[in-house]
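Open your viewer and get your selection tool ready. Each stop on this tour tells you what to pick next and what to look for there.

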Amino acid sequence: MKNTMTHLARRQFLQALPAAAALPLVLSASEAFAQVRLDITRGRVEPMPIAVPAFAGGSDDLKQMGKDVGDVIAKDLERSGLFRPLDPKAFLQDLSSLDVQPRFTDWRTLAAQALVQGSVDQQPNGQVRVAFRLWDVFGGQQMEGKGYGTDPANWRRVAHMIADLIYTTITGESGYFDTRIVYIAESGPAINRVKRLAIMDQDGANHRYLTDGSALVLTPRFSPTGPEITYLSYFRNVPRVYLFNIDTGRQEVLGDFPGMTYAPRFSPDGNSVTFAAALNGNSDIYTMDLRTRRMSRLTEHPAIDTSPCYSPKGDQLTFASDRGGSQQIYVMNADGTNQQRISFGNGRGRYGTPVWSPRGDLVAFTRYATSDGNFYIGVMKPDGSGERLLAQGFLVEAPTWSPNGRVLMYFAQSPNGGRTRLFSIDLTGYNQREIVTPQDASDPAWSPLSP
Amino acid sequence: MMKLRFLGVIAVTFAVLLTGCAKKPVEQKAVATQAPPPAPTPPPAPPKGPAPDSIEYFNTVVGNLVQFAYDKYDLDAASQAKLAGQATWLKQYPNRTLTIEGHCDERGTREYNLGLGDRRANSVKQYLIAQGVAANRVKTISYGKERPLCVSSDEACWAKNRRGTSVVQ
């Protein structure tokens with residue numbers, strides 16, 4: 001079931017990559033550009049001015065592709081809130097001479113700190129080679145450089161990979177641009193909403209629907225290891241957890257339970273799915289090994305235990321339970337032992353949807369504050385300390401982490417059956433952005449970095 | 001759901017018409033001047049009302065909805081009385097089965113509300129079983145906050161949405 005190789009373009013690209021592979025250009029020593037660094041761990045940072053001209057290309061087609069590649073990279077960097085791509089109209093050096101050698105005095109005049117210079121070339125085998133260099137403008141030094149051989153149809157993905165490498169070079173953190181979002185597309189009246197599984201690139205491109213809306217679907221989550229999603233479907237009016245292979249379209253129900261199964265999430269190794277199962281009104285937490293189909297029960301309590309999520313090491317889980325009188329967040333060992341409450345909120349909040357950060361250092365959550373009637377997205381340490389609220393609204397819910405643990409995406413619903421939309425916000429609490437979707441949207445889930 | 005709401009609208013309209021007629025003073029006077037009315041026939045069902053074994057009768061006369069308090073799943077006296085009526089009706093028509101839908105208001109996370117809706121539906125089911133309805137005639141399904149009856153963000157609407165709906169098959 002896992003890693004079924006298919007004929008999709010995305011897969012072709014992955015297969016092509018080792019052959020044409022990553023050809024480093026000139027990789028200079030790394031001592032010269034310590035000044036072109038962003039520390040993104042310290043709250044709000046001043047966006048770094050960066051110049052991303054169109055990538056050079058020979059033919060008209062390649063010129064257009066080069067322009068599009070530069071555009072996607074600049075937009076990725078801009079949306080991160082950490083970079084300020086300069087207006088190309090202000091550029092002094094033309095593309096053809098830049099392709100020979102950057103005139104750093106020209107770029108210093110624009111106060112650009114970094115310069116991305118690239119090219120797109122046709123290869124004899126029908127592929128294109130997209131190559132770039134990242135320059136430290138003040139030091140006049142190359143910071144990074146790499147070439148990618150790919151099917152021309154995959155230019156967008158290469159652009160995201162280059163943006164990730166730029167982000168990594170300058171921040172020292174892994175990126176999150178070469179990722180996808182699976183979510184629930186919503187349409188129709190609020191009392192009888194049509195909900196469909198949908199998937200798109202992190203920047204909204206390559207949007208498509210995965211289900212037709214005939215069955216109610218909720219809470220999709222990505223596998224950390226393969227092109228697979230787990231989600232809740234009301235297929236034939238029986239709410240059950242399903243697995244869905246994005247590449248093949250193959251679906252299967254997870255396990256055979258007498259009651260509703262819901263709130264699924266993969267384990268970090270992708271080999272298990274943890275979920276809640278309801279029996280006679282009582283929800284408890286289970287996990288199923290996808291290889292052996294063996295099931296383990298992790299909680300056994302008359303309360304509603306739901307929304308389980310593994311820690312990135314897989315040795316613990318966090319979950320929500322109302323066993324203390326109102327819904328709160330708990331952690332436990334992966335075998336169900338040592339269940340400890342971690343959220344308290346001075347008795348004035350209900351907490352749900354805990355999601356462990358990919359770094360392991362934080363748990364993101366939804367909080368309903370009984371004091372003001374608002375919902376919040378926040379984070380706390382896995383021991384419950386250091387709670388910080390990042391986003392607030394009439395109804396904000398269901399945070400999902402970027403794979404580098406620096407950005408959260410969630411959905412926000414307006415009152416009175418108003419619009420439901422996706423937003424992202426940095427862990428610093430700054431840089432809130434709407435993720436534009438063709439229809440209303442909820443339940444976002446961020447993919448890992450594409451392999 | 002569409003069908004249920006549709007039936008509900010018809011029932012309400014019908015009730016309004018009946019009330020409208022009954023309140024006309026002229027007719028009351030006319031009746032008063034008549035000879036004493038004939039003794040009521042044993043089944044006093046109005047000739048135009050739904051047949052007692054019909055889904056419409058169950059939904060409108062017996063009542064198919066019970067309400068819940070915020071984040072609660074216990075049944076108050078009014079709900080218990082209504083469910084006693086449902087149980088009586090089910091025992092009277094043994095070929096009928098029920099699916100009980102548990103629903104929640106929008107003031108909770110999706111996943112918690114799925115659990116809460118399941119709890120509410122089972123609360124209704126257990127009450128019916130305690131009244132003598134066979135367990136295999138009653139199924140449950142939780143819709144959490146996915147199928148509200150109304151969409152205003154106020155307490156009146158939220159209270160309406162916190163419900164157990166008995167759907168007759």
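The tour goes from a helix to salt bridges, then to a cavity and a chain end segment.

**Before you start**

This is a predicted model, in which local features need pLDDT of at least 70 and side-chain atom pairs count only at pLDDT 80 or more, while totals for chains, interfaces and linings use all residues. Residues are numbered from 1 along each chain as its sequence is written, chains are lettered from A and ligands numbered from 1 in the order in which they are written, and side-chain values use heavy atoms, with hydrogens and water left out.

**Stop 1: a helix in chain B**

Select residues 110-130 of chain B, which form helix α5. Helices here are DSSP runs of H or I with at least four residues, strands are runs of E with at least two, and both are numbered from the N terminus. Its 21 residues should span 30 Å at 1.5 Å a residue, and the end C-alpha atoms are indeed 30 Å apart; the expected span is 1.5 Å times one less than the number of residues. Is α5(B) enclosed or open? Because 18 of its 21 residues are buried, α5(B) is largely enclosed by the rest of the structure. Buried means under 20% relative accessible area, exposed over 50%, and partly exposed in between, using a 1.4 Å probe and protein chains only. Step just past the helix to Gly132(B), which takes a positive phi of about 105°.

**Stop 2: salt bridges**

The whole structure holds 29 salt bridges over all chains, each being a side-chain nitrogen of Lys or Arg within 4 Å of a carboxyl oxygen of Asp or Glu.

Pick Glu387(A) and Arg367(A), whose side chains meet at 2.8 Å, N to O. Glu387(A) lies in the loop between β24 and β25 of chain A and Arg367(A) in strand β23, so the pair ties together parts that are 20 residues apart in sequence. Glu387(A) is partly exposed at 30% relative accessibility, and Arg367(A) is buried at 12%.

Next, show Arg419(A) with Asp440(A), another salt bridge at 2.8 Å, N to O. Arg419(A) sits in the loop between β27 and β28 of chain A and Asp440(A) in strand β30, 21 residues apart. Here Arg419(A) is partly exposed at 40% relative accessibility, whereas Asp440(A) is buried at 12%.

Now move to chain B for Asp105(B) and Arg162(B), with their closest N and O atoms 2.7 Å apart. This salt bridge links the loop between β2 and α5 to the loop between α6 and β4, 57 residues apart. Both partners are buried.

To see a network, select Glu186(A), Arg193(A), Lys195(A), Arg419(A), Asp440(A), Asp443(A), Arg110(B) and Glu146(B), which are joined by salt bridges that share partners.

**Stop 3: the largest cavity**

A search finds 4 cavities of 30 Å³ or more, and the largest has a volume of about 320 Å³. A cavity is a set of points on a 1 Å grid over the protein atoms alone where a 1.4 Å probe fits but cannot get out, and lining residues have an atom within 4 Å of a point. Grid points are joined across faces, edges and corners, and the volume is the space filled by probe spheres set on the points.

Which residues should you centre on? Of the 24 lining residues, the closest to the centre are Ala190(A), Gln413(A), Glu106(B), Lys145(B) and Pro148(B). The largest share of the lining, 3 residues, comes from α6(B).

**Last stop: Pro451(A)**

Finish at Pro451(A), in the segment after β30 of chain A. Pro451(A) is exposed, at 70% relative accessibility. Add Gly226(A): the two C-alpha atoms are separated by 8.8 Å, although the residues are 225 apart along the chain.

Notes. On a 1 Å grid over the protein atoms alone, a cavity is a set of points where a 1.4 Å probe fits but cannot get out, and a pocket is an open set with protein on both sides within 12 Å along at least five of seven lines; lining residues have an atom within 4 Å of a point.
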